[in-house]
Amino acid sequence: MGPDDSAAHAPAPLQCPVPSDTLTGLPLDELASRLGSRTRALAARKWLYEARPVPAALPDRVPGVTGKAWAAVRHTAPLPPWTITDRRTAPDGTTKIALDLSGAAVESVLIPAKGRSTVCVSSQAGCTRHCAFCATATLGFTRHLSAGEIVLQYLLARAEAPPDAPARNVVFMGMGEPMDNLEEVLAAVDRLTEEAAPRLSASHVTVSTSGVLPGMTRFLRESPAQLALSLNATTDAQREQLMPHSRVWPIAALLDALRDDHARGSGRRYFIEYVLWADRNDSDADAARLAALLVGLPAHVNLIPHNAFAGSPLRPPAAERVRSFQRLVRENGVRCLVRWPRGNQIAAACGQLALS
Ligand code: SAH
């Protein structure tokens, strides 16, 4: 245990200053009880996810709900206040949406692909962690987002998805460390996947962590969603330089938590995110160590060549090195894809969300 350990365990005040009683944050059961029936609650949720444009404030009436029942919800569970402050679309179709949420500035990203789009949401304004390679870390930490604010980001981005590529996937890979705001993140996953619109499959919702072990362990026990672990290094010494909190939670402990979950029969596959930097973690030895670390785990490695941002001395490897690294990992029996950057022309790629 070193001098920074207390900071690693208690990164920031955990209370959420924004009320969680919002329409996007309310559990279906609670909505049903306030509206007097489950049928009405389902109708209200259907309306919410289909209304175009996305309402800035709740209307007087919604289809399928009596005026009296609706009035009670409208006043007690409004939408979280939101304004879109900027919207940029890259040539590859990736759209970054900058939002003001009751004074907190956050970004979400819509990533269209063939037949379906993915929405990348933020879980915090800024971030509680200090990863040396991430632009969001340069912002510091403003506050946690409520479940309703996280779900709202999905609602807003979904409205911009191409009709032939509906937004069926959500990744918690925007700003913030989800495990430091776990209560709200678990609630948001629940709202996205419960038996009412938008009714996403839990296999299509992925929460990404920089390796905050206590939160990760709880998440694996309590959530049906998928987990991505941002490993980014193959030795603790290497990882500590890049991600200071890994002093407290070493690689072996993180992977043991995945092994325990696997042994419990969760049936999950684990996404292992590995950002590649030239001459830092991209050697043949790293590729072999990475594969060895994952032996026995149903793991799927995503290699992410570093996305550069102003002020960072880190550089991605040449494309040929990235391909060789991928080949080596695969030859060692581990599934491995390269996430070539999307949206980097508009600073919307992994690690570039810094309100610019
Ligand atoms: N805090 C969470 C989620 C946000 S980061 C986490 O760490 O997982 C989402 C992903 O972007 C992580 O896998 C992270 O390793 C990666 N990332 C961060 N900065 C990056 C950069 N500059 N280039 C490429 N990927 C980056």
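I began with Pro53, which sits in the loop between α3 (38-50) and α4 (67-76). Helices here are DSSP runs of H or I with at least four residues, strands are E runs of at least two, and both are numbered from the N terminus. The bond joining Arg52 and Pro53 is a cis peptide, with omega about -10 degrees. I found another cis bond from Ala197 to Pro198, where omega is near 10 degrees. Pro198 is placed in the loop between α6 (182-193) and β8 (205-209).

I noted the basis of these entries: the model is predicted, local features need pLDDT of at least 70, side-chain atom pairs count only at pLDDT 80 or more, and totals for chains, interfaces and linings use all residues. Residues are numbered from 1 along each chain as its sequence is written, and side-chain values use heavy atoms, with hydrogens and water left out.

**Positive phi**

I looked up Ser102, a residue other than glycine with a positive phi, near 50 degrees. Ser102 is in the loop between β2 (95-101) and β3 (104-113). Its relative accessible area is 42%, so I entered Ser102 as partly exposed; buried means under 20%, exposed over 50%, and partly exposed in between, with a 1.4 Å probe and protein chains only.

Asp279 also has a positive phi, near 60 degrees. Asp279 lies in the loop between β10 (270-276) and α10 (284-293). With a relative accessible area of 75%, Asp279 is exposed.

**Cysteines**

I searched the whole structure for disulfides and got zero; the criterion is a pair of cysteine sulfur atoms within 2.5 Å. Why is the sulfur of Cys134 not bonded to the closest cysteine sulfur, in Cys131? The two sulfurs are 6.4 Å apart, which is too far for a bond. Cys134 counts as buried because its relative accessibility is 19%. I entered Cys120 as buried too, at 7%.

**Two positions paired with Cys131**

I compared Thr22 and Glu240 against Cys131. Thr22 is 109 residues from Cys131 in sequence and 32 Å from it in space, C-alpha to C-alpha. Glu240 is 109 residues from Cys131 in sequence, and the C-alpha to C-alpha distance is 9.4 Å.

Thr22 is in the loop between α1 (5-9) and α2 (28-35), and is buried at 5% relative accessible area. Leaving aside neighbours within four places in sequence, Thr22 contacts Ala77, Pro78, Leu79, Pro80 and Gly148, where contact means heavy atoms within 4.5 Å.

Glu240 belongs to helix α8 (residues 236-242) and is partly exposed, at 29%. With the neighbours within four places set aside, Glu240 is in contact with Ser246 and Arg247.

**Whole chain**

I counted eleven helices and twelve strands in the protein chain. The C-alpha trace spans about 65 × 45 × 35 Å along its principal axes. The radius of gyration is 20 Å, which agrees with the value near 21 Å for a compact globule of 356 residues; this radius is taken over C-alpha atoms, and the globule rule is 2.2 Å times the number of residues to the power 0.38.

Of the 356 residues, 55% count as buried. Among contacts with a separation of 6 or more, 68% come from residues 24 or more positions apart.
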